[in-house]
Amino acid sequence: MIKLKSPADLAGVRQQILSQRDPSKPCITICSGTACHAYASEKTATAFVSEIERNDLKGKVDIRRTGCHGFCERGPIVVIFPEEICYLGVKPEDVPEIVSTTLMENRLVNRLLYGDSNGEKIICEGEIPFYKHQSRIVFGNNRLIDPKSIEDYIAIGGYSALSKALFKMSPDEVLETVKRANLRGRGGGGFPAGLKWETTRNAPGKVKYVIVNADEGDPGAYMDRSLLEGNPHSVLEGLIIGAYAIGSHEGYIYVRQEYPLAVENLSIALSQARNYGLLGKNILGSGFNFDVTIHRGAGAFVSGESSALMNAIEGKVGEPRPKYVRTAVSGIRERPSNLNNVETWANVPLIISRGADWFTSIGTAGSKGTKIFSLVGKVNNTGLVEVPMGMTLREIIYDIGGGIRYGKKFKAVQTGGPSGGCLPQSLLDIPVDFDELARVGSMMGSGGMIVMDEDDCMVDVARYFLNFLAEESCGKCIPCREGIRQMLKILNRICDGEGRTGDIQLLEELSEVVRDASLCALGQTAPNPVLSTIRYFKDEYEAHIKERRCPARACKALISYYIQPEKCQACQICLRECPVGAITGGKNLVHVIDQDKCTKCGTCLEVCPPRFGAVVKTSGEPVPEAPPEGTQVERTKGARK
Ligand SMILES: Cc1cc2nc3c(=O)[nH]c(=O)nc-3n(C[C@H](O)[C@H](O)[C@H](O)COP(=O)(O)O)c2cc1C
Ligand code: FES
């Protein structure tokens with residue numbers, strides 16, 4: 001590897017890499033992101049290597065392990081270039097057929113293609129509805145490059161933005177470009193990155209730090225992990241450009257301990273960039289020095305908060321501190337420290353390369369560019385989706401997510417991570433951006449999007465998030481520590497069927513105190529799940545409190561299961577499967593659930609054959625009296641004797 005000493009050297013290396021590649025040569029890419037890895041994608045990749053050799057195709061076909069494509073639930077994903085034929089759920093045993101059929105005979109393996117709702121097969125990855133409606137400007141390169149290869153990144157134009165910034169722009173010009181692009185932080189608050197950079201740049205002191213926040217503590221969120229795993233150089237390039245604009249020579253990447261592949265790929269990226277002279281002293285011969293240290297976080301949610309994260313980097317307990325002076329002015333070791341989220345940094349090279357005008361042409365008036373969401377829950381297609389700011393919730397959930405699973409009814413979508421809000425059907429057409437989500441009582445957060453259906457109880461959902469936040473509160477300030485705990489106590493009793501008149505009001509009052517008096521944004525935003533569910537689903541709270549009824553029939557204390565005697569066919573399946581032996585009956589005898597023994601696990605309902613449909617789940621109604629012991633079943637047509 002040669003040390004690059006000028007932009008011309010970088011351009012030369014790129015030319016050399018491209019000249020050694022033939023774009024018409026077949027290239028099999030195998031996703032090696034964490035999810036596909038868990039589906040044994042490495043075995044699939046190894047099978048391709050040996051099958052290619054066995055068929056004397058070595059040298060005629062390239063094989064590349066890539067980062068996450070986003071459609072993780074359908075992994076391992078294999079895309080064959082240049083046609084971009086996309087095969088889903090590829091197992092090692094599928095490989096010989098792919099090689100012999102697609103590579104050698106130019107035919108498709110239909111069973112591995114995506115099939116739409118009409119049974120039509122879709123060949124190209126980009127045509128699959130999950131991808132078709134996305135704009136993957138930040139995340140899209142994951143599928144094209146091997147994250148362990150800096151050459152792959154350079155081949156697609158990587159580090160040309162850094163070269164442009166260092167040699168064609170002054171630090172002020174870089175700063176102005178990012179300000180003009182109105183890049184807002186993707187990690188939570190949506191604060192304008194350029195303004196924060198400027199604050200750190202203008203803060204007194206020679207030593208300044210730039211930091212990547214890769215703590216990603218939101219349950220269910222994994223966009224930062226996938227970016228770091230799949231395209232670490234893009235984040236690094238953004239960080240170096242930011243350091244140049246701010247006047248920083250030292251950086252940190254704070255990654256949670258539970259992200260081993262991200263740390264591995266990042267470490268490789270750092271050492272490759274150093275070897276090429278893209279990191280370290282005299283970067284690209286520009287005279288600018290900058291280097292980075294990886295700091296592994298211990299996995300506490302609150303450590304993702306800026307001051308807590310900086311404490312952790314200093315080796316202290318990762319707890320927040322009062323921010324009388326902002327961390328941008330006094331952060332790590334009381335020096336000016338600029339912290340941005342992984343996705344924020346990954347946008348920077350794009351803005352420098354393509355310009356602020358290009359970036360501001362995407363998105364809404366106040367929120368520019370795209371946002372990556374982790375779309376999970378009760379949708380047909382789950383995964384990572386990148387969409388322009390301003391796309392509606394409906395488009396994301398229905399066009400990309402494919403609608404609600406099993407034909408059930410949409411109930412709510414929770415955005416913004418544990419401190420976000422739950423939005424109802426009536427808000428499905430709002431454009432998703434920082435300001436709109438805040439206006440309706442939720443937030444963008446780092447991009448979690450959890451879809452819920454008619455079976456989800458909104459009081460229980462609020463309880464779930466408060467439980468998470470109560471456990472993750474560091475306990476340093478009383479309003480957060482005690483306030484969240486008290487709110488959780490009230491939610492627990494409502495879900496347990498012991499709600500009291502006045503509980504809703506009490507929750508609202510406590511929310512106000514916790515929001516206004518907490519030390520950090522964990523407490524300040526913790527009431528969001530409660531306030532938004534009260535705002536949009538108050539009837540569910542009232543049903544729990546006044547009628548002791550859970551409309552979604554989800555809260556265990558408020559539901560019962562019983563077997564309808566006229567439908568029971570004594571098949572004995574529920575009797576055998578009930579884990580606590582709460583069902584009695586026998587051959588030809590109507591089965592009965594002992595309500596005192598029943599733990600409401602729902603197994604009987606799950607296993608009762610749909611053609612009988614004898615088990616009923618109910619809430620708020622008395623369970624009908626059981627038939628006398630020894631009652632014989634009435635056989636329906638088709639039932640087995
Ligand atoms: C409890 C808590 C946890 C947070 N966790 C994260 C996180 O995991 N990742 C992140 O980027 N920001 C997180 N933030 C937001 C950070 O404090 C900070 O605003 C952000 O990293 C700044 O980057 P940005 O301006 O690019 O969004 C968290 C905030 C709070 C209050
Ligand atoms: S890990 Fe393969 S698609 Fe996400």
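User: In this predicted model, in which loop does Glu216 lie, and what is its phi near?
Analyst: Glu216 is placed in a loop whose flanking elements are β7 (209-214) and α10 (223-230). In this predicted model, the residue is not a glycine, and yet its phi is positive. Glu216 is also among the closest of the residues that surround ligand 1. The loop is thus named by its two neighbours, β7 and α10, and the phi of Glu216 is near 40 degrees.

User: How many residues surround ligand 1, and how do they divide by class?
Analyst: The residues that surround ligand 1 include Gly187, Asn213, Asn341 and Thr344, which are listed with Glu216 as the closest. By class, the shell around ligand 1 holds four nonpolar residues, together with ten polar and five charged ones. The number of residues that surround ligand 1 is 19.

User: Which backbone lies 2.7 Å from an oxygen atom of ligand 1, and which side chains have a polar atom 2.9 Å from one?
Analyst: With polar contacts taken as N or O pairs within 3.5 Å, a backbone N or O atom of Gly187 qualifies at 2.7 Å from a ligand 1 oxygen. On the side-chain part of the question, an N or O atom of Asn213 is 2.9 Å from an oxygen atom of ligand 1, and a polar side-chain atom of Asn340 lies 2.9 Å from an oxygen of the ligand. The backbone is that of Gly187, and the side chains are those of Asn213 and Asn340.

User: How much of the accessible area of ligand 1 does the protein cover?
Analyst: On its own, ligand 1 has 610 Å² of accessible area. The space that ligand 1 takes is the largest pocket. Of the area that ligand 1 has on its own, the protein covers 88%.

User: Which element gives the largest share of the shell around ligand 1?
Analyst: Two elements give two or more residues to this shell, namely β10 (337-341) and α21 (521-525). The largest share amounts to three residues, and the element that gives it is β10.

User: Which peptide bonds to Pro76 and Pro82 are cis, and where are these prolines placed?
Analyst: Pro76 sits in the loop between β2 (62-66) and β3 (78-81), while Pro82 is in the loop between β3 and β4 (85-87). Omega is near -10 degrees for the bond that leads into Pro76 and near 5 degrees for the bond that leads into Pro82. The cis bonds are Gly75 to Pro76 and Phe81 to Pro82.

Definitions and conventions
Residues are numbered from 1 along each chain as its sequence is written. Chains are lettered from A and ligands numbered from 1 in the order in which they are written. This is a predicted model: local features need pLDDT of at least 70, side-chain atom pairs count only at pLDDT 80 or more; totals for chains, interfaces and linings use all residues. Side-chain values use heavy atoms; hydrogens and water are left out. A residue is near a molecule or strand if one of its heavy atoms lies within 4 Å of it. A polar contact is a pair of N or O atoms within 3.5 Å; within protein, one must be able to donate a hydrogen and the other to accept it, and residues adjacent in sequence count only if both atoms are side-chain atoms. Accessible areas come from the Shrake-Rupley method with a 1.4 Å probe; for residues, only the protein chains shown count as cover. On a 1 Å grid over the protein atoms alone, a cavity is a set of points where a 1.4 Å probe fits but cannot get out, and a pocket is an open set with protein on both sides within 12 Å along at least five of seven lines; lining residues have an atom within 4 Å of a point. A molecule sits in a cavity or pocket if more than half of its atoms lie within 2 Å of its grid points. Helices (H or I, at least four residues) and strands (E, at least two) are DSSP runs, numbered from the N terminus. Ala, Val, Leu, Ile, Met, Phe, Trp, Tyr, Cys and Pro count as nonpolar, Asp, Glu, Lys and Arg as charged, and the others, Gly among them, as polar.
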